[in-house]
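Student: I am new to this protein and would like a close look at a single part, the aromatic rings and what surrounds them. Could you walk me through that slowly?

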Amino acid sequence: MPAHVAIVGVSKFQPAAALAEAAAAGLRDVGENYVQEARRKFAIGPAGVRKHFIGHVQTNKAKAIAETFDVVQSVDRIEAALALSSAAHHAGKTLEILLQLNISPSERYGCPPELAEALAVKLRELPGLHLNGVMAIGPLTEDRDTLRQSFALAAAARERIGGAVLSLGMSADWREAVAAGSTMVRIGTAIFGPRPAVRASKE
Ligand SMILES: *Cc1c(COP(=O)(O)O)cnc(C)c1O
């Protein structure tokens with residue numbers, strides 16, 4: 001197990017005040033899924049936090065994403081990476097990125113594990129981006145063996161691809177993720193409580 005596991009507080013649909021409160025209590029990394037919602041909340045809030053984009057990267061939002069975030073965890077295809085690379089270049093910054101891997105039949109997005117190395121090679125050629133590891137969303141199951149097998153796929157991909165970060169684990173499965181070698185868990189409901197039923201933002 002890694003000596004240190006970072007916690008990304010996932011604040012989607014939660015009010016800006018909750019995010020500010022968590023930052024004041026010492027949360028150093030925050031994750032948001034929707035760029036418009038994130039911009040609104042970051043504008044009035046939390047100082048000194050590292051901002052992670054964990055939602056699906058739409059190419060027409062790449063500019064806003066590159067301007068708003070420090071890390072994009074959800075790069076799963078070359079089109080998204082090209083758009084982010086160009087946007088980061090124009091913004092004069094280097095974006096840290098993670099390659100999002102698909103390890104679950106219930107997940108729509110993510111690069112299939114067998115294509116991950118080839119994608120990683122291409123990502124490393126793009127200016128304005130720094131590939132630093134792998135992100136994956138576990139399967140929607142409480143079956144520990146299935147979780148373990150899926151997380152092992154992600155850990156193996158990170159070994160092949162390299163990078164310091166294995167972003168794996170959410171409120172329901174972070175224990176299995178950490179056991180599989182996660183260096184970064186993304187925790188929403190276990191920090192902020194259930195997400196409000198009414199979406200704070202629609203995009
Ligand atoms: C919402 C979300 C999380 C947090 O989920 P919880 O189950 O509330 O901890 C983590 N990662 C991603 C990619 C998410 O979309």
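Tutor: Happily; here is the whole protein in brief, then the rings, and then a helix and the core.

This is a predicted model, in which local features need pLDDT of at least 70 and side-chain atom pairs count only at pLDDT 80 or more, while totals for chains, interfaces and linings use all residues. Residues are numbered from 1 along each chain as its sequence is written, and side-chain values use heavy atoms, with hydrogens and water left out.

The protein has 8 helices and 8 strands; these are DSSP runs numbered from the N terminus, helices being H or I of at least four residues and strands E of at least two. Its radius of gyration, taken over C-alpha atoms, is 16 Å, close to the 17 Å that the globule rule gives for 203 residues, so the protein is as compact as a globular protein of that length. That rule is 2.2 Å times the number of residues to the power 0.38. Of the 203 residues, 54% count as buried, where buried means under 20% relative accessible area, exposed over 50% and partly exposed in between, with a 1.4 Å probe and protein chains only.

Now to the rings. A search of the whole structure finds 3 aromatic pairs. Rings of Phe, Tyr and Trp (its six-membered ring) pair if their centres lie within 6.5 Å; planes under 30 degrees apart count as stacked, over 60 as edge-to-face and the rest as tilted. The rings of Phe42 and Phe69 have centres 5.7 Å apart and planes at 75°, so this pair is edge-to-face. Phe42 belongs to helix α2 (residues 35–43) and Phe69 to the loop between α3 and β4, so the pair ties together parts that are 27 residues apart in sequence. Both Phe42 and Phe69 are buried.

Phe69 also pairs with Phe53: their ring centres are 5.2 Å apart and their planes at 65°, so this pair is edge-to-face too. Phe53 sits in strand β3 (residues 50–53), and Phe69, in its loop between α3 and β4, is 16 residues apart from Phe53. Phe53 is buried, as is Phe69. Ring pairs thus link Phe42, Phe53 and Phe69 into a cluster.

Two neighbours complete this picture. The charged end of Lys51 sits over the ring of Phe42, 5.0 Å from its centre; for this, NZ of Lys or CZ of Arg must be within 6 Å of the ring centre and within 35 degrees of the ring normal. Asn33, in the loop between β2 (29–32) and α2, is buried, with a relative accessible area of 15%. Leaving out residues up to four places away in sequence, Asn33 touches Val10, Lys12, Phe53, Ile54 and Gly55, a contact being heavy atoms within 4.5 Å.

Beyond the rings, look at helix α4. Among its buried residues are Ala80, Leu84 and Ala88. The buried residues of α4 pack against α3 (62–68), β4 (71–75), β5 (95–101), α5 (116–124) and β6 (129–136). After α4 comes Gly92, whose phi is positive, near 70°.

Leu84 appears again in the largest nonpolar core: of its 50 residues, Val72, Leu84, Leu99 and Leu101 touch the most other members. Such a core is a set of buried Ala, Val, Leu, Ile, Met, Phe, Trp, Tyr and Cys residues joined through side-chain atoms within 4.5 Å.
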